[in-house]
Amino acid sequence: CRRISYSSSNRLMTKVLPSNPSRISTANTSAGFVNYTDEILCGLDRVYIIKGGPGTGKSTLMKRFAAYAEERGHTVERYFCSSDSDSLDGVVLRDAGTGIIDGTAPHCADPKYPGAREEIVNIGRLWDTGLLRGRFDEIKTLCDRKSGLFATVYKYFSVCRSLRTEREKLVSGCEKSDKAEAAVHRLMERFGRGGGFRLIPRQISAVGMNGVCNFGTFAENADEIWLISDRRGIAGDFLGMMIKEAGSLGLETHISRDHLLEPDALYFPEKRIAVVSDCDAGKAARIINTDRFINGAGLSEHRAALRFLKKLENELFSRALSLFGEIRTCHFAVEDIYRGAMDFGGLEPVFEQITAGL
C-alpha cells in the first residue's frame, strides 16, 4: 500500500491506498526540484522519452505500457510523480533493458545517445496548436502562478531545513554518538560482506499535491523490517551511520530521503532488509529506539527551544502543504485546456511503437 498524508483543518491526516510496489522519480525538497531519472535509467539499453504538455496522455500511456508488459511476464518498476502521486513519471523493465519516462518540464530529460539508446516520442504533434494559441493568456497565467507557488514552497522548505539544523545542533550536544555507532556495528556485522558498495537513490516518499506520500516498497520487498522509533530527530544521523557501515561491508544500499534531504529509509537488497521510520510496528522484526542514544538530562535544558523550533517547522511545513492545494488547482486547469486540444486517437501508433520489442 501507499500512505498519503494531507492537511485538513491544520491537522495531518493519513490515507491508505492500494498499489503495486512503486517508487517516486523526483522530489520537491529544500534544495528545489530534485530529479533521480539518471539513476533510475542506469544500465538500460533502450529509453523512450515522452515529450508533451500536461494532460496530453503521458501518464496514461505509461500506465498502459506497464500493464501490457506485466501481461507478457515482465517485472515492472513504476515511478510516480512527486507532485502528483497518482501520475506516472516513468516505467522500467530491467529484464528487457527498456524504460519510458516523462521528459517534459520540470523533468527536462534529453537524449545522451540519441537514437542509439534514447528515442524522443513527441506527442505534442497531436494537439491543436491553433486552439492552444487562442488560450495563450490563460495558459500563461496558470503556468506562471503555478511556478511562483512552487518557488514559495521551496523557500518554505529551505527555512524548514534551517530550523531543523538548529534543532540538530542542540540535540547533537546530547547525542551519544559512540553508543549509536557501536549499536549500528552490532546490528550490521551479521550481514557479512556484500558484492560492492553502491548508494542508489530509490525514493519512496515525497511531498506534493496529494500531501505527504509514502510508498511501502522497501518494506514490501524485504524479508525483514527494522523500524526506527525516533522522538528526538536523530533518525537521519542513525541512518547515516548505517550507510557508512554499509560502505565498510561493501553492501549495495538503496536510500530514500525526506523533503529536507535527510535519509528516511534504507533498503539492503542483498540481505532483503528494510530500515524505515514509517510502518506498522506489528510488522517490524526489530524496533530501534533512538532515545537510548540521547542524554535526556542534558537535553532538558534545551526543551523549550526545541519545542519552539519544532513548532515553527511544523507550521511552515503546514503552510507549504496548503500551497500545494493552490498548485493542484492551477495544474488541473492547465490539464483541462490541453486535454481539450488533443487528438488522443493518435496515441495508438505511439503505443505500438514503444511496445514493438516486448
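This report describes two sheets, the helices that pack on them, the salt bridges and the cysteines of a predicted model.

**The sheet with strands 3 to 10**

One open sheet is built from six strands in the order 3-7-8-9-6-10, and its pairing is mixed. Strand 3 (22–24) and strand 10 (118–122) form the edges; each has a single partner strand, so one side of each has no neighbour in the sheet. Neighbouring strands here are turned against each other by 20° on average, direction ignored.

Within this sheet, strand 7 (residues 77–80) and strand 8 (residues 88–93) run antiparallel and are joined by four bridges. One of the residues involved is Y79, whose bridge partner in strand 8 is G90. Helix 2 (residues 58–71) lies across strand 6 (46–51), strand 7, strand 8 and strand 9 (98–102), and runs at about 25° to strand 8. Helix 10 (residues 347–355) also packs on the sheet, where it touches strand 6, strand 9 and strand 10. The direction of helix 10 makes about 170° with that of strand 10.

**The sheet with strands 11 to 18**

Another open sheet of six strands has the order 11-15-16-17-14-18, again with mixed pairing. At its edges stand strand 11 (198–201) and strand 18 (286–289); each has a single partner strand, so one side of each is left without a neighbour in the sheet. The twist from one strand to the next averages 20°.

Strand 16 (residues 263–268) pairs with strand 17 (residues 273–276) in the antiparallel sense, over four bridges. The bridge partner of Y267 in strand 17 is A274. Helix 7 (residues 235–249) lies across strand 11, strand 14 (224–229), strand 15 (252–257), strand 16, strand 17 and strand 18, at about 30° to strand 16.

**Salt bridges**

The count of salt bridges comes to 25. Some of them are listed here.

| Acidic residue | Basic residue | N to O distance |
|---|---|---|
| D38 | K112 | 3.6 Å |
| D110 | K51 | 3.2 Å |
| E262 | R164 | 3.3 Å |

D38 lies in helix 1 (residues 37–41) and K112 in the loop between strand 9 and strand 10, so this pair ties together parts that are 74 residues apart in sequence. Both D38 and K112 are exposed.

D110 is in the loop between strand 9 and strand 10, while its partner K51 is in strand 6, 59 residues apart. D110 is exposed, with a relative accessible area of 52%, whereas K51 has 19% and counts as buried because the limit for buried is under 20%.

E262, in the loop between strand 15 and strand 16, is 98 residues from R164 in helix 4. E262 and R164 are both buried. They also belong to a network of salt bridges that links R161, R164, R167, E168, D258, E262 and E313.

**R145 and the cysteines**

R145 lies in helix 4 (residues 136–172) and is partly exposed, at 43% relative accessibility. Apart from neighbours within four places in sequence, R145 is in contact with E326 and C330. The C-alpha atoms of R145 and H331 are 9.7 Å apart, although 186 residues separate the two along the chain.

C330 is buried, at 8% relative accessibility. The closest cysteine sulfur to that of C330 is in C143, 8.7 Å away, which is too far for a bond. C213 is also buried, at 2% relative accessibility. Zero disulfides are found in the whole structure.

Key:
Residues numbered from 1 in each chain as written. Predicted model: local features only at pLDDT ≥ 70, side-chain atom pairs only at ≥ 80, totals over all residues. Heavy atoms only, no water. Helix = DSSP H or I, 4+ residues; strand = E, 2+ residues; numbered from the N terminus. Buried < 20%, exposed > 50% of the residue type's maximum accessible area, 1.4 Å probe, protein only. Contact = heavy atoms within 4.5 Å. Pairing = 2+ DSSP bridges. Axes fitted to C-alpha atoms, helices over the stretch in contact; angles between N-to-C directions. Disulfide = S-S within 2.5 Å. Salt bridge = Lys/Arg side-chain N within 4 Å of Asp/Glu carboxyl O.
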